[in-house]
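Me: I would like to go through this protein slowly, one question at a time. Could you reason each answer through with me?

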Amino acid sequence: ECVSGCVCPEGLFDDGKGGCVEEKDCPCIHNNQWYSPGQKITVDCNTCTCQKGVWSCTEDVCYGTCMIYGSGHYITFDGKFYDFDGSCEYVATQDFCGDKNSSSSFSIITENVPCGTTGVTCSKAIKMFLGVKLKLENKDYKEIQRDIGDDVRYGNRTVGLYLVIEASNGVMLIWDKKTTVFIKLTPDYKGKVCGLCGNFDDKSNNDFTTRSGLQETNALKFGNSWKQSSMCPDITQEIKPCDVKPHRKSWAEKECSIIRSEVFKICHSKVDPIPFYEACVHDACSCDSGGDCECFCSAVAAYAQECTKAQACVFWRTPDICPVFCDYYN
């Protein structure tokens, strides 16, 4: 038995736990956790198997996901996390991005409105253009218009708390009927989309591409470029609701501390809790005209969702913290 810190004999390998093993028995590491040979993990839509200390993974190309939640928080298809509190209609994503030889097959618009007295905004309604025009608002959706000859079909279903719209052109929208929306695209759209959700090219450093095609570093200038109406004013400064409502800050920090607590411990090494905690405090400070729980719960649910994607499922809801009334939903 090899003790920690010593060198294994020739032909044997350190197993990471203070022991020496043959190459075929070498474990693998992922997110600071050790896995035995033959064990499998899921990374996005691929399965990885531990073989001789190295992960061997399938190479399926996965759906891209963009999340918009709470008081103006965005996570792009390529994983860039940023805040933008614009009060207008904005292009979340579309596939017509200036190429004269292509025509748009879809666009998704988010309508952002103030969700408190501090000036921050939440997504109140979503418009989905697929040839057919859908509007999701007031916990339901309706078909507003259908183009003649349109061949894009869509279906809807309810999954738990979420309304899911799935279209035949590879676009899926998942909405919690409040202020959170997930947009999923098939890999066919890689590098072919634009808007607040970025360009889905597996590089986050160029996600701030404006409507005119320029690379921007400032989230406000980037966000302003994607507004639908020139009548809406540009946003010129970032709103900090905890500075506007300092008496709410300690309450917000106390409530949101669940994200950094033992409850989510298994997720902390997989998904950084800090940006989600900060977004939660921001939202809990901002929702000062009712909806305290809704803003807080949506923020925690956003982190829980990212944890689930990273294979760290956390049961965080309790009868006292953001309860879901199962009998009603069942």
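Reply: Let us begin with a definition: an angle between axes counts as roughly parallel under 35 degrees, roughly antiparallel over 145, roughly perpendicular from 65 to 115, and oblique for the rest. Please keep in mind throughout that this is a predicted model.

Me: How are helix 3 and helix 5 oriented to each other?

Reply: Helix 3, which covers residues 249–256, packs with helix 5, residues 274–286, at an angle of about 135°, and their axes lie 8 Å apart. Angles over 145 count as roughly antiparallel and those from 65 to 115 as roughly perpendicular, with the rest called oblique. The two helices, helix 3 and helix 5, are therefore oblique to each other.

Me: How do the residues of the contact of helix 3 with helix 5 divide into nonpolar, polar and charged?

Reply: On the side of helix 3 the contact is made by Lys249, Trp251, Ala252, Glu253 and Cys256, while helix 5 brings in Tyr277, Cys280, Val281, Ala284 and Cys285. Lys and Glu count as charged, whereas Ala, Val, Trp, Tyr and Cys count as nonpolar. The contact of helix 3 with helix 5 therefore divides into eight nonpolar, no polar and two charged residues.

Me: Is strand 8 largely enclosed or left open by the rest of the structure, and why?

Reply: A residue counts as buried when its relative accessible area is under 20%. On one side of strand 8, Gly64, Cys66 and Ile68 are buried, and on the other side Thr65, Met67 and Tyr69 are buried as well, so that both faces are covered. Because six of the six residues of strand 8 (residues 64–69) are buried, this strand is largely enclosed.

Me: Which residue stands opposite glycine 64 in strand 19?

Reply: Strand 8 pairs with strand 19, residues 181–185, in the antiparallel sense, and five bridges join them. Within strand 19, the residue that stands opposite glycine 64 is leucine 185.

Me: Which residue takes a positive phi in the hairpin of strand 8 and strand 9?

Reply: Strand 8 also pairs with strand 9, residues 73–75, in the antiparallel sense, here over three bridges, and tyrosine 69 has histidine 73 as its bridge partner in strand 9. Three residues lie between the strands of this hairpin, and the one with a positive phi near 60° is glycine 70.

Me: Which are the edge strands of the open sheet in the order 5-6-7?

Reply: The three strands of this open sheet pair in an antiparallel way, and four bridges join strand 5 to strand 6. An edge strand pairs on one side only, and here the edge strands are strand 5 (40–43) and strand 7 (54–57).

Definitions and conventions
Residues numbered from 1 in each chain as written. Predicted model: local features only at pLDDT ≥ 70, side-chain atom pairs only at ≥ 80, totals over all residues. Heavy atoms only, no water. Axes fitted to C-alpha atoms, helices over the stretch in contact; angles between N-to-C directions. Contact = heavy atoms within 4.5 Å. Pairing = 2+ DSSP bridges. Buried < 20%, exposed > 50% of the residue type's maximum accessible area, 1.4 Å probe, protein only.
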